[in-house]
Amino acid sequence: MGIITVNKMKKIAVLSGKGGSGKTFVSTNLSNVIHSSTYLDCDVEEPNGYIFFENNKLIANNTVYREIPTFDEEKCVGCRKCVDFCKFSALAFIGNKPLLFDEVCHSCGGCELVCEYGAIKNKKVDIGNIEIYEKGDKKIVSGKMKIGEASAVNLISEVLDQARGTTIVDCPPGSACSTMEAIKGAEFCILVTEPTIFSLHNIQMIVELVELFNIPYGFVLNKSDESIDYIIEDYINSIDKPLLAKIPFSKDIATQTANGKLVSDNDPIARDIFVSLADDLERKGILK
Ligand code: SF4
Ligand code: SF4
């Protein structure tokens with residue numbers, strides 16, 4: 001077994017039902033054993049994957065903006081067309097004038113187009129930034145959402161534009177809109193879970209999501225313990241999906257990870273697990 005080399009663009013999304021299940025652990029270590037891979041951290045509220053790629057070099061830091069409408073009160077005649085047009089309920093009509101709820105504005109630009117009086121102009125607002133790092137043959141991209149920003153969707157979309165070669169997408173936890181955005185264009189999803197009843201409940205919601213998007217998927221069982229693995233394994237067998245890898249519950253792995261180390265660099269057994277996972281994905285045609 002060795003490092004996997006892949007030439008074509010392939011996007012693999014890594015998901016979990018809740019934070020702390022090992023999604024970033026799996027994403028970073030899998031990316032680490034694939035030659036010339038790109039790691040995209042779309043967990044933009046708490047991006048920390050870049051920390052694991054030690055001695056990385058920051059090569060770019062770009063601010064990301066979205067556009068929201070502003071209203072010229074002198075030009076606005078109160079026709080209400082913009083409010084009626086907005087399908088996201090981001091505009092209300094109060095005191096005969098439109099009022100914006102920018103947290104729910106999807107920046108579609110439609111209200112500006114329908115206003116016949118030139119009373120709407122869009123303005124840019126800063127929603128976060130994208131940091132791009134290099135480490136050897138790896139590209140590491142980290143989206144960081146500005147504190148107070150309500151929606152991660154626009155920022156995640158910009159992070160996804162950085163995909164190159166084999167791309168591992170570290171998705172936000174759960175199954176909200178931001179996760180739906182992060183799995184767009186993925187050829188395969190890896191669902192990371194743990195052998196507990198709580199994790200079983202959460203991962204079933206993720207299964208519903210990836211099935212809705214019709215993306216093939218398989219599971220990685222983190223913190224595996226033979227005495228309780230059946231909690232997840234019985235479920236995986238019942239839906240006839242592949243269990244791609246089991247990562248043992250290990251103090252050494254937990255300690256290295258807590259110290260910001262990639263176990264695929266530092267622990268031969270863990271490295272074998274991730275190389276086997278990449279080999280398996282290649283055999284299944286996902287990395288070809
Ligand atoms: S469409 Fe233009 S003129 Fe009509 S309410 Fe909206 S901003 Fe005012
Ligand atoms: S830009 Fe789109 S989503 Fe935002 S207020 Fe206008 S119509 Fe609604």
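In this predicted model, strand β2, residues 10–16, and strand β11, residues 188–193, pair in the parallel sense over 5 bridges. Within this pairing, Ala-13 stands opposite Cys-189 in β11. In general, the strands of a sheet pair through backbone hydrogen bonds, in either a parallel or an antiparallel sense.

The wider setting of these two strands is an open sheet of 9 strands with mixed pairing. Its order reads β5-β8-β9-β4-β10-β2-β11-β12-β13. The edges are formed by β5 (57–71) and β13 (243–248); each has a single partner strand, so one side of each is left without a neighbour in the sheet. On average, and with direction ignored, neighbouring strands of this sheet are turned by 20° against each other. Helix α1, residues 23–32, packs on the sheet and touches β2, β4 (38–41), β9 (138–145), β10 (166–170), β11 and β12 (217–224). The direction of helix α1 makes about 165° with that of β10.

Attention may now turn to the interior. The largest nonpolar core comprises 63 residues, of which Ala-13, Val-14, Val-169, Cys-189 and Leu-191 touch the most other members. The greatest contribution to this core comes from helix α10 (residues 268–283), which supplies 7 residues. A second, separate core has 10 residues, among them Cys-86, Leu-91, Cys-105 and Cys-111. Returning to Cys-189, and leaving aside its neighbours within four places in sequence, this residue is in contact with Ala-13, Leu-15, Ile-183, Val-210, Ile-215 and Tyr-217.

Two ligands complete this part of the description. Ligand 1 has 13 residues around it, and those that come nearest are Cys-76, Cys-79, Cys-82, Cys-115 and Ala-119. The shell of ligand 1 divides into 10 nonpolar, 1 polar and 2 charged residues. Ligand 2 is surrounded by 14 residues, the closest being Cys-86, Ala-90, Cys-105, Cys-108 and Cys-111. Here the shell consists of 10 nonpolar and 4 polar residues, with no charged ones. Cys-86, Cys-105 and Cys-111 thus appear both among the closest residues to ligand 2 and in the second core.

A last position to consider is Ala-176, which is found in the loop between β10 and α5 (177–182). Ala-176 counts as partly exposed because it has 13 C-beta neighbours inside 10 Å, whereas a residue is exposed at 12 or fewer and buried at 20 or more. Ala-176 and Ile-206 are 30 residues apart along the chain, and their C-alpha atoms are separated by 9.8 Å.

Key: Residues numbered from 1 in each chain as written. Chains lettered and ligands numbered in written order. Predicted model: local features only at pLDDT ≥ 70, side-chain atom pairs only at ≥ 80, totals over all residues. Near = placed C-beta within 6 Å. Nonpolar A, V, L, I, M, F, W, Y, C, P; charged D, E, K, R; others polar. Core = buried A, V, L, I, M, F, W, Y, C linked by C-beta atoms within 7 Å. Helix = DSSP H or I, 4+ residues; strand = E, 2+ residues; numbered from the N terminus. Contact = placed C-beta atoms within 7 Å. Pairing = 2+ DSSP bridges. Axes fitted to C-alpha atoms, helices over the stretch in contact; angles between N-to-C directions.
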